[in-house]
Amino acid sequence: MKILVTGGCGFVGTNISLYLNSRGFKIQSLDNLSRKGSKYNLNLLKKNNIKNYKIDIYDYKKIKKLPKYDLIIDCCAEAAVEVSRKDIDKVINTNFIGTLNILKKIQKDNSKIIFLSTSRIFPISETNKVLKSKKIISKLPIKKLFSEKDIIEGPKTIYGLTKLSSEMLIEEFSYAFNLKYIINRCGVISGPLQFGKQDQGFLSLWVWKHINRDKMKYIGYGGNGHQLRDVLHIDDLCELIFIQIKKFNKIYNKLFTVGGSKRSYTSLVELTKICEKITKNKIKFSKISKTSIYDIPYYVTNNNLVTKTYNWRPKKNINKIVKDVFDWLTKNKKTLNKYF
Ligand SMILES: NC(=O)c1ccc[n+]([C@@H]2O[C@H](COP(=O)([O-])OP(=O)(O)OC[C@H]3O[C@@H](n4cnc5c(N)ncnc54)[C@H](O)[C@@H]3O)[C@@H](O)[C@H]2O)c1
């Protein structure tokens with residue numbers, strides 16, 4: 001089976017490309033290398049004889065000329081929520097028009113799509129409801145789990161909007177042109193090959209800062225680091241996608257919420273403690289009380305449907321994720337310096 005991975009030099013895309021390549025699929029990548037770190041990941045693809053087309057996903061003329069694929073796994077996005085407030089055109093062109101271009105290519109090839117969506121399609125107001133009790137978030141019992149059935153109406157960030165619109169566009173193409181799809185709405189994902197930033201990929205940034213004994217800031221919600229998220233190990237996501245491909249002929253046109261769930265979650269202060277234990281370094285944190293209008297206090301996934309459908313559940317918890325990121329970063333510290 002021949003597969004194109006868009007965003008194939010990004011964190012998720014590279015991991016998926018290498019995983020599927022090692023299982024005998026013929027993989028190619030499309031990535032314009034705009035993300036810091038993508039050039040590092042490109043070298044890993046090259047070592048494994050995976051070709052990358054350096055094409056902007058906005059450019060349909062070039063996408064149209066690519067070879068025919070049996071499946072496209074769409075992992076290309078401008079994924080930082082704060083960028084989506086500052087550079088709206090870029091985010092809409094990459095995340096929404098990009099999806100349209102991929103769908104046109106799929107229609108032309110009569111192939112199918114697995115789309116990486118996000119938990120940020122849920123409205124900010126719904127996640128804020130968890131705060132109503134006024135208790136410290138990190139001490140709250142994990143009661144609210146977000147599933148496919150939760151409401152999607154309401155402001156969610158422009159990033160979230162482009163991903164939700166892409167989901168809807170995929171469903172429209174499926175209805176109109178009989179195209180087969182799977183959508184995975186993922187919470188936070190982390191693991192090796194992630195080049196973290198404050199507002200995207202925070203876990204790998206946390207570990208990196210601890211290794212280098214750099215200062216950090218807790219931002220928002222009083223600056224206490226109580227925001228809480230579930231985190232999915234990239235290996236668990238790769239395994240799920242492998243199962244989805246194998247079962248695609250029987251299970252398709254489905255949407256799943258996918259995440260670390262109750263099995264793997266952390267608040268920022270708890271993440272700091274885990275990092276201290278694993279790196280054996282303690283660093284200074286300052287507080288910024290002001291909360292970004294785009295931040296959310298809480299997100300944990302309900303995996304019931306995806307577990308029932310594929311008999312899949314995450315195997316690796318938050319400690320294992322931090323340990324694997326730590327091992328990758330320390331082993332390659334010198335080379336990675338310029339990418340963080
Ligand atoms: N990482 C997470 O925690 C997370 C969580 C939920 C959903 N997702 C989704 O998973 C997908 C992958 O995320 P990621 O963390 O790997 O992000 P990433 O930034 O590491 O990877 C995205 C890749 O796309 C490339 N790219 C960006 N704009 C492009 C353009 N215009 N044309 C061609 N290539 C372009 C970048 O160079 C980068 O290599 C995204 O769709 C994201 O929305 C990620």
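A nonpolar core is a set of buried Ala, Val, Leu, Ile, Met, Phe, Trp, Tyr and Cys residues joined through C-beta atoms within 7 Å. In this predicted model, the largest such core has 83 residues. Within that core, I73 and V207 touch the most other members. Nonpolar side chains tend to be buried together in soluble globular proteins. With neighbours within four places in sequence left aside, the contacts of I73 are I3, V5, I16, I114 and I241.

The strands come next. Seven of them form an open sheet with parallel pairing. Their order is β3-β2-β1-β4-β5-β6-β10. The edges are held by β3 (51-53) and β10 (254-258). Each edge strand has a single partner, so one of its sides is left without a neighbour in the sheet. Neighbouring strands are turned against each other by 20 degrees on average, direction ignored. In general, the strands of a sheet pair through backbone hydrogen bonds.

Strand β6 spans residues 180-186. Its pairing with β10 is parallel and runs over five bridges. One bridge joins I182 to K254 in β10. The pairing of β6 with β5 is also parallel, over seven bridges. Here S117 stands opposite R185 in β6. Strand β6 is mostly covered, with six of its seven residues buried.

Helices pack on this sheet. Helix α5 covers residues 88-109 and touches β1 (2-6), β4 (71-74) and β5 (112-118). The direction of α5 makes about 170 degrees with that of β4. Helix α7, residues 158-177, lies across β5, β6 and β10. The angle between α7 and β5 is about 155 degrees.

The ligand is surrounded by 28 residues. Those that come nearest are G7, G10, V12, N32 and A77. Three elements, α1 (11-22), β5 and β7 (188-190), each give two or more residues to the shell. Helix α1 has the largest share, with three residues. By class, the shell holds 14 nonpolar residues, nine polar and five charged.

Two single residues illustrate other parts of the chain. V325 lies in helix α12, residues 318-331. A residue is buried if 20 or more other C-beta atoms lie within 10 Å of its own. V325 has 28 such neighbours inside 10 Å and therefore counts as buried. Beyond residues up to four places away in sequence, V325 touches S190, G191, P192, L203, S204 and V207. V207 is also one of the two residues that touch the most other members of the largest nonpolar core. In sequence, V325 and L193 are 132 residues apart. In space, their C-alpha atoms are 8.1 Å apart.

K262 sits in the loop between β10 and β11 (265-267). This residue has 14 C-beta neighbours inside 10 Å, so K262 counts as partly exposed. Apart from neighbours within four places in sequence, K262 is in contact with I142 and V300. Along the chain, K262 and F177 are 85 residues apart. Their C-alpha atoms are separated by 38 Å.

Note on methods
Residues numbered from 1 in each chain as written. Predicted model: local features only at pLDDT ≥ 70, side-chain atom pairs only at ≥ 80, totals over all residues. Pairing = 2+ DSSP bridges. Helix = DSSP H or I, 4+ residues; strand = E, 2+ residues; numbered from the N terminus. Axes fitted to C-alpha atoms, helices over the stretch in contact; angles between N-to-C directions. Contact = placed C-beta atoms within 7 Å. Near = placed C-beta within 6 Å. Nonpolar A, V, L, I, M, F, W, Y, C, P; charged D, E, K, R; others polar. Buried ≥ 20, exposed ≤ 12 C-beta atoms within 10 Å, placed from the backbone.
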